[in-house]
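This report covers the pockets and one sheet of the structure shown below.

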Amino acid sequence: MCGIVGYIGYDDSKEILLKGLEKLEYRGYDSAGIAVMSKEDVYISKVKGRIAQLREAVDGNVHATLGIGHTRWATHGPPSQENAHPHQSKSGRFSIVHNGVIENYLEVRDEYLSGIELKSQTDTEIVVQLIEVLYNEMNDVSAAFRKAVELLKGSYAIALIDAEDAETIYIAKNKSPLLVGLGDGFNVVASDSMAMLQVTDQYLELMDKETVLLRRERVEIQKLDGTVVEREPFTAELNESDIEKGTYPHFMLKEIDEQPLVLRRIIQEYQDENNEIKLDPDVRQAMKDCDRIYIIAAGTSYHAGLIGKQFLEKFAQIPVEVHVASEFSYNMPLLSEKPLFVYISQSGETADSRAVLVQTKELGHPALTITNVPGSTLSREADYTLHLHAGPEIAVASTKAYTAQMAVLAILGVDTANAKGIELDFDPMQELAIVANAMEAMADQKDVFEDLAREFLATTRNCFFIGRSIDYYVGIEGALKLKEISYIQAEGFAGGELKHGTIALIEEGTPVIALATQAGVNDSIRGNVQEVIARGANACVISMKGLDKSGDSFVLPQVHEILTPIVSVLPLQLISYYAALHRNCDVDKPRNLAKSVTVE
Ligand code: F6R
């Protein structure tokens with residue numbers, strides 16, 4: 001979603017900001033802009049559209065050594081040049097960029113901004129106008145900035161520049177990610193370390209309700225009451241090559257191909273030298289102590305949760321409920337006596353999941369976050385974290401993080417079974433190693449999936465995915481992947497549900513992708529395939545070796561039955577990828593979507 005960068009130093013800030021914004025493109029945005037300052041002149045350039053357009057729009061002659069930049073994903077007001085950040089105060093003295101949502105912006109407007117004509121429909125402009133109003137009363141920018149921040153309710157990451165002070169960027173944060181990057185003779189700020197890896201790998205974490213005075217040679221973190229906070233920097237784990245496409249045409253394809261590697265890394269990270277599972281003992285204890293697990297997640301991570309429930313119930317014998325984060329608060333179930341909340345989130349920043357975490361923490365329930373970004377908000381605010389070790393996922397459509405989530409959940413299930421003394425005839429590391437090999441074999445057959453995408457999806461308006469048992473959950477993930485990147489209307493259904501309504505949608509040539517990887521339901525899913533074929537469907541069956549029948553479109557290499565979802569999703573990822581390519585879609589940056597969904 002929205003992204004922030006800021007630079008203060010001696011080099012040309014505009015190029016550093018533009019490069020930083022390019023690194024944030026993957027998060028999803030619809031407009032972008034920068035404000036840079038030299039010799040107390042502020043130059044602003046904003047566009048509706050891509051960073052490439054912003055680059056063209058920016059005046060190359062401007063040389064400034066201080067600036068802020070932003071990518072916007074519209075919340076208040078449609079995508080437009082007027083609503084793009086930076087926004088300026090009435091006099092033009094203050095310029096601001098902001099991520100998040102100001103919940104009380106209407107109250108602030110009514111109470112403090114009467115008589116000020118607003119130029120945009122954003123909540124952000126309210127903040128910059130408020131700062132100027134308070135400055136006019138207090139005559140102290142730093143105090144006015146802190147006072148304004150104190151008045152705001154909601155989530156924000158803010159960077160502000162003052163046309164009369166070429167030595168400072170003012171920063172504030174609450175619930176939205178923001179980091180300060182440290183350099184030699186310069187300092188930076190960014191909502192994601194990826195944006196500034198080009199210039200530094202040294203970062204300072206910021207806590208909620210802290211403000212920062214960012215100067216060329218000095219960084220001062222303050223609490224809202226002005227107290228100065230000392231904090232040690234940390235070194236970013238990423239390096240620039242982790243976030244480059246290399247020889248791949250798209251990040252999504254690179255990330256699909258990385259999946260065997262990620263599984264092997266997970267095996268390494270979660271195994272000790274005696275080949276036993278290595279897991280934080282506190283997580284183990286929390287799993288042992290609980291009487292029910294509540295998995296909270298969104299989108300693809302929710303789909304991983306549905307599979308995770310199978311692992312946790314079958315291996316560890318703990319009842320599990322899986323909830324869509326955005327719905328949980330409205331329909332909170334009756335909780336068990338000793339619940340454990342498990343938050344699954346690639347980014348660790350999903351606002352819907354965080355809202356539930358805040359609520360369940362208030363109720364005093366323990367929380368475990370499973371995430372690809374340790375140090376993310378969900379990771380910091382939960383009691384425990386399990387890391388996915390998937391490496392940065394840049395394509396908006398999640399692939400390697402999803403399979404990593406399932407793998408970590410399988411390990412967690414087996415570890416809990418071991419801790420509870422439940423005997424299992426299942427070695428998760430060995431079985432995951434077999435899965436990694438199977439994935440690799442499939443990734444080498446991309447032409448098959450390209451052909452399937454062409455045969456089944458080149459011109460269709462819609463597509464259905466069917467499966468039974470855990471194949472059903474993989475089917476809904478396949479449908480999500482296809483719709484988000486190819487814009488084909490796609491839905492996943494339980495095979496048995498078809499006849500209760502959905503079968504009415506099947507007509508001549510409708511593509512139906514069926515998964516047949518589970519021995520117990522092979523006959524029944526095959527029956528469903530016949531039902532749709534009889535009504536004209538174009539059926540593509542993806543089966544598991546040993547359960548295959550002649551005419552199947554693809555036969556997956558055999559893996560342990562319970563782990564099939566980690567393998568069977570790969571063809572669906574690849575088919576979606578090629579379908580999107582055939583339709584000339586922007587695979588890595590699908591329309592309207594954001595990688596890290598930081599608004600509720
Ligand atoms: C789809 C996708 C989204 C995310 C969802 C939750 O490919 O990536 O559905 O899974 O927005 O995001 P995280 O996992 O970051 O909480």
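## Terms and model

In the counts of lining residues below, Ala, Val, Leu, Ile, Met, Phe, Trp, Tyr, Cys and Pro are nonpolar, Asp, Glu, Lys and Arg are charged, and the others, including Gly, are polar. On that basis, the lining of the second largest pocket holds 11 nonpolar, 12 polar and five charged residues. The model is predicted.

## The second largest pocket

The second largest pocket encloses about 580 Å³ of space. Its lining is made of 28 residues, and those nearest the centre are A298, G299, T300, A594 and V597. Two or more lining residues come from each of the elements α9 (299–316), β18 (339–345), α11 (351–362) and α16 (470–486). The largest share is that of α9, with four residues.

Where does the second largest pocket lie with respect to domain 2 (248–441) and domain 3 (445–600)? Both domains give residues to the lining, so the pocket lies between them.

## The largest pocket

The space in the largest pocket is about 1100 Å³. It is lined by 45 residues, with S193, L238, N372, V373 and P374 the closest to its centre. The elements giving two or more residues to this lining are β11 (202–205), β15 (234–235), α7 (259–269) and α12 (377–381). Of these, α7 gives the most, with four residues.

By residue class, the lining of the largest pocket divides into 16 nonpolar, 14 polar and 15 charged. Domain 1 (3–237) and domain 2 (248–441) each supply at least three residues to the lining of the largest pocket.

## The eight-stranded sheet

Two of the strands that line the largest pocket, β11 and β15, also belong to an open sheet of eight strands. The order across this sheet is β3-β2-β4-β1-β10-β9-β11-β15, with antiparallel pairing. At the edges are β3 (41–48) and β15, each of which pairs on one side only. Strands of a sheet pair through backbone hydrogen bonds, in either a parallel or an antiparallel way.

Within the sheet, β2 (residues 31–38) and β4 (residues 66–72) run antiparallel and are joined by seven bridges. I34 stands opposite G69 of β4. Helix α1 (residues 13–24) packs on the sheet and touches β1 (3–8), β2 and β4. The direction of α1 makes about 155° with that of β1.

Note on methods:
Residues numbered from 1 in each chain as written. Predicted model: local features only at pLDDT ≥ 70, side-chain atom pairs only at ≥ 80, totals over all residues. Heavy atoms only, no water. 1 Å grid on protein atoms, 1.4 Å probe; cavity = no way out; pocket = protein on both sides within 12 Å on 5 of 7 lines; lining within 4 Å. Points joined across faces, edges and corners; volume = space filled by probe spheres on them. Domains from an automatic or database assignment. Pairing = 2+ DSSP bridges. Contact = heavy atoms within 4.5 Å. Axes fitted to C-alpha atoms, helices over the stretch in contact; angles between N-to-C directions.
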